[in-house]
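Me: Please consider the chain displayed below. I would like to go through its fold and its local features in a series of questions.

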Amino acid sequence: GAGPCAACEPLVCPGWETVPAGFDAQTLRPLGTLRQPAQGAADETPTLAEYHPNGTRLWSPQAPIAPAWHPYNLCDVMACVGCGRAFLRYTEYGGYYVDERVRELDPRLVAAEAPPPPRD
């Protein structure tokens with residue numbers, strides 16, 4: 001695309017960022033999910049292992065987008081209702097907080113070659 005429109009312009013997020021306070025959640029519509037359906041055991045939880053073959057970190061704008069790995073395995077795929085710009089969104093649940101996070105979906109960073117994550 002040509003870049004963000006006025007509706008999604010506040011989301012400057014090549015890497016994971018907290019959704020800005022006051023951002024209208026209705027600006028993003030759901031397209032789908034990367035959440036993995038439960039396999040086998042009911043108590044099985046998605047892996048918390050991250051995929052960083054080139055030494056990146058979770059917050060890095062260059063971090064690969066590996067759908068089976070954390071946090072992408074807990075993400076929903078969203079699009080701006082104004083311009084169609086695509087985002088990944090997930091909720092981080094800490095001990096005393098809930099943090100809505102968003103990252104622009106850059107197709108060049110999708111790691112199709114990523115191996116399956118290890119079993120926790």
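The questions and replies that follow concern a predicted model.

Me: Which pattern does the chain follow when read along the sequence?
Reply: The assignment gives zero helices and five strands. Read from start to end, the pattern is therefore made of strands alone under the DSSP assignment. It is β-β-β-β-β.

Me: In what order do the five strands lie in the open sheet?
Reply: The pairing in this sheet is antiparallel. The edge strands, each pairing on one side only, are β1 (17–18) and β2 (28–33). Between β1 and β5, which run antiparallel, there are two bridges. The order of the open sheet is β1-β5-β4-β3-β2.

Me: How many bridges pair strand β4 with strand β5?
Reply: Strand β4 covers residues 86–93 and strand β5 covers residues 98–104. The two form a hairpin with four residues between them. Their pairing is antiparallel, and the number of bridges is seven.

Me: Which residue in β5 is the bridge partner of Phe87?
Reply: Other positions of β5 are matched as follows: Leu88 stands opposite Arg103, and Tyr93 stands opposite Val98. For Phe87, the bridge partner in β5 is Glu104.

Me: Which residue in β4 is the bridge partner of Met78?
Reply: Strand β3 (residues 76–80) pairs with β4 in the antiparallel sense over four bridges. In β4, Met78 has as its bridge partner Phe87.

Me: Which residue in the hairpin of β3 and β4 takes a positive phi?
Reply: This hairpin has five residues between its strands. The phi in question is near 85°. The residue that takes this value is Gly84.

Me: Which residue in β5 does Thr18 stand opposite?
Reply: Strand β1 (17–18) is an edge strand and pairs on one side only. Two bridges join β1 to β5 in the antiparallel sense. In β5, the residue opposite Thr18 is Arg101.

Me: How many disulfides does a search of the whole structure find, and why is Cys80 not bonded to the closest cysteine sulfur?
Reply: The cysteine sulfur nearest to that of Cys5 belongs to Cys80, at 3.6 Å. A disulfide requires two cysteine sulfur atoms within 2.5 Å, so this separation is too far for a bond. The number of disulfides found is zero.

Me: Is Cys80 buried or exposed?
Reply: The class buried applies under 20% relative accessible area. Cys5, at 21% relative accessibility, therefore counts as partly exposed. Cys80 has a relative accessible area of 1%, so Cys80 is buried.

Me: What is the volume of the largest cavity?
Reply: The structure holds one cavity of 30 Å³ or more. Its lining includes Glu50, His52, Leu58, Trp69 and Tyr72. By class, this lining has seven nonpolar, two polar and one charged residues. The volume is about 40 Å³.

Me: Where is Pro71 found, the residue joined to His70 by a cis peptide bond?
Reply: The peptide bond from His70 to Pro71 has omega near 0°. Both His70 and Pro71 are among the residues that line the largest cavity. Pro71 is found in the loop between β2 and β3.

Me: What distance separates the C-alpha atoms of Asp24 and Pro46?
Reply: Asp24 has its place in the loop between β1 and β2. With a relative accessible area of 45%, Asp24 is partly exposed. Asp24 and Pro46 are 22 residues apart along the chain, and their C-alpha atoms are separated by 29 Å.

Me: What radius of gyration does the chain have?
Reply: The C-alpha atoms fill a box of roughly 45 × 30 × 25 Å along the principal axes. Buried residues make up 35% of the 120 residues. A compact globule with 120 residues would have a radius of gyration near 14 Å, and the value for the chain agrees with this. That value is 15 Å.

Technical notes
Residues numbered from 1 in each chain as written. Predicted model: local features only at pLDDT ≥ 70, side-chain atom pairs only at ≥ 80, totals over all residues. Heavy atoms only, no water. 1 Å grid on protein atoms, 1.4 Å probe; cavity = no way out; pocket = protein on both sides within 12 Å on 5 of 7 lines; lining within 4 Å. Points joined across faces, edges and corners; volume = space filled by probe spheres on them. Nonpolar A, V, L, I, M, F, W, Y, C, P; charged D, E, K, R; others polar. Pairing = 2+ DSSP bridges. Buried < 20%, exposed > 50% of the residue type's maximum accessible area, 1.4 Å probe, protein only. Rg over C-alpha atoms; globule rule 2.2 N^0.38 Å.
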